[in-house]
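Reader: I have some time to go through this one with you, so could we take it piece by piece, starting with single residues and working outwards?

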Amino acid sequence: MKLLVSCLIVLAAVPAWAHHSFAAEFDVTKPVKLEGTVRKMEWINPHSWIHIDVKNPDGTVTNWMIEGGSPNSLLRRGFNKHSLEPGTQIVVEGYQAKDGASRANGRDLTFPDGRKLFIGSNPDEKAPEK
Amino acid sequence: MDWRFRNSLILLAGLASVAFGAPPGAPPATTAERSPRAADGKPDLEGYWSNGSVTPLERPKELGNKAFFTPEEAGQYAKQELSKPEPPGPDTDTHYNLAQYGLDKSQMNIAANLRTSLITDPPDGQIPPMTPEAVQRNSDRAAARKGHEFDGPENRGLAEQCILWGNEGPPMMPVGYNSNLQIVQGPGYVAILQEMIHDVRMIPTDHSPHLPSTIRQWFGDSRGHWEGDTLVVDTTNFTERTPFHGSSENLHVVERFRRVNADTILYQFTVDDPATWARPWSAEIPMTKIKGPIFEYACHEGNYGIVNSLSGARAEERKQQVAK
């Protein structure tokens, strides 16, 4: 059956914006707001992933993986591997993984002062100050 | 000024200045002298192009038989489409604040287009009705898939598996972001690299015949030839796993590429599949020249998403098990 049903994908139904289903991967009933320190950013396809260390109320630290947009688009906006250096403080709002792991989508990414991480940084404009 | 809107305004200025003397639906014939030539004397289609578009495939019903906008209407329509806010989350299937990642439409490169639909034939701008056979076939497909969508990676869509995306075709359709492609011409071949999602289609132009019908390929089997200044590409030998709007593996696609000016290729296609539609239908998409390069999109290199989706499905199953 698996092989059969794998044949049945209607290509035209690929959503315009999503490489895969948000609802399958993340849980809309688990919104998260995380403040953390960038450990590394993976410039990989089909989505970038930002790893951040988030301090828990009990003093322990959890490493969260945050899913971001496609590297191609970010590159065209003037971002490069130095645009988000380890140690940068960021705030992430998104939704946690359905399986309960410390993964979330990065719906809104800001610096602690509220500036958007990836906005206003096309090659013609000044990159955000870190 | 917000740079995204600035880009849109530049684009709209372009629309106004470039477009509206000659509707793309009826571009002036380009003489051999005026058409740029490649080294072998053939018309030069080489370079980086965007087939991004805000024009819908099918004409919005409320426009009836109106096939073309006026220049003012087209400008207004493009402005409206490019500045549309993302759909509100989280109930929609939207991952992100799209603008943050450069994924919103205002960042697309689009060619001017007065058409109200990409479909040029039938004249009503709509895909012809499906045959009863095709309706049944597609309904059987959907029924077989239902309930097994997350059984394993091979049950996920070809796009999610990073095998290919539906926009690649043929026929090639605009895609939501990075709607970019590169055309390279060489002796006996034309190659098309699509940024999303990394595939190169090799099109022999040496008058060789199609592959035997027993050999089927993801992108079918394309063969090209020149008719005057137009590259005509004929594709057959599709698989049942790559339906285009519900088509069968016997889909027949004819594409036409013509460089109508230095910055524009008019891309037209006709699809025919008697097992799916009562009649062939045609569409056209003007492609605009862009600055390269095409960025690598090694789609599966970090495809954590498919693992996470399956893992999410297993977690859901456990939850339901506990609830029983």
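Reader: In which loop of chain B is Thr116(B) found?
Author: This is a predicted model, and in it Thr116(B) sits in the loop of chain B that runs between α2 (71-82) and β2 (119-121).

Reader: Buried or exposed, that threonine, Thr116(B)?
Author: Thr116(B) is buried, because its relative accessible area is 1%, and the cut-off for buried is under 20%.

Reader: And which side chain makes a polar contact with the side chain of Thr116(B)?
Author: The side chain of Arg59(B) does, in a polar contact of 2.9 Å with that of Thr116(B). There is also a backbone group to consider, since a polar atom of the Thr116(B) side chain lies 2.7 Å from the backbone oxygen of Lys66(B).

Reader: Which residues is Thr116(B) in contact with, leaving aside its neighbours within four places in sequence?
Author: Among them are Thr55(B), Pro56(B), Pro60(B) and Leu63(B), as well as Ala67(B), Phe68(B) and Phe69(B). Arg59(B) and Lys66(B), the two residues we have just discussed, also belong to that list.

Reader: Changing topic, how many disulfides are there over all chains?
Author: The count is one disulfide over all chains, and it joins Cys162(B) to Cys299(B) with an S to S distance of 2.0 Å. The two cysteines come from distant parts of the chain, 137 residues apart, with Cys162(B) in the loop between α3 (132-145) and β3 (180-186) and Cys299(B) in the loop between β10 (281-289) and α4 (304-323).

Reader: Is the link of Cys162(B) and Cys299(B) left-handed or right-handed?
Author: The link is left-handed, with -60 degrees about the S-S bond. As for the surroundings of the two cysteines, both Cys162(B) and Cys299(B) are buried.

Reader: On to the sheet, then: which way do β6(B) and β7(B) run, parallel or antiparallel?
Author: Strand β6 (residues 221-227) and β7(B) run antiparallel and are joined by seven bridges, one of the partnerships being that of Ser222(B) with Thr235(B) in β7(B). The two strands form a hairpin with two residues between them, in which Gly228(B) takes a positive phi near 60 degrees.

Reader: How many bridges join β7(B) to β8(B)?
Author: Six bridges join β7(B) to strand β8 (residues 252-261), and these strands also run antiparallel. Within this pairing, Val233(B) has Glu255(B) in β8(B) as its bridge partner. Strand β7 (residues 230-236) is mostly covered, with six of its seven residues buried.

Reader: I'd like to check the backbone too; what kind of peptide bond joins Gly169(B) and Pro170(B)?
Author: That bond is cis, with omega at about 0 degrees, and Pro170(B) is found in the loop between α3 and β3 of chain B. The peptide bond from Met196(B) to Ile197(B) is cis as well, with omega near 10 degrees, and Ile197(B) lies in the loop between β4 (189-194) and β5 (200-204) of chain B.

Reader: What about the phi of His198(B)?
Author: His198(B) has a positive phi of about 115 degrees although it is not a glycine, and this histidine lies in the loop between β4 and β5 of chain B. His198(B) counts as partly exposed because its relative accessibility is 32%.

Reader: And where is His207(B)?
Author: His207(B) is in the loop between β5 and β6 of chain B, and its phi, near 65 degrees, is again a positive value in a residue other than glycine. At 70% relative accessibility, His207(B) counts as exposed.

Reader: What is the average pLDDT of chain B?
Author: Chain B averages a pLDDT of 87, and 86% of the residues score at least 70. Over residues 1-33 of chain B, however, the pLDDT is below 50, although this stretch has 62 contacts in the model beyond near neighbours in sequence. Where pLDDT is low, the predicted coordinates should not be read in detail. For the model itself, the scores are ipTM 0.81 and pTM 0.85.

Reader: Last one: how many helices and strands has chain A?
Author: Chain A has three helices and six strands, in the order α-α-β-β-β-α-β-β-β along the sequence. Of its 130 residues, 52% count as buried.

Technical notes
Residues numbered from 1 in each chain as written. Chains lettered and ligands numbered in written order. Predicted model: local features only at pLDDT ≥ 70, side-chain atom pairs only at ≥ 80, totals over all residues. Heavy atoms only, no water. Disulfide = S-S within 2.5 Å. Helix = DSSP H or I, 4+ residues; strand = E, 2+ residues; numbered from the N terminus. Buried < 20%, exposed > 50% of the residue type's maximum accessible area, 1.4 Å probe, protein only. Polar contact = N/O pair within 3.5 Å; in protein donor to acceptor, adjacent residues only side chain to side chain. Contact = heavy atoms within 4.5 Å. pLDDT = per-residue confidence, 0-100. Pairing = 2+ DSSP bridges.
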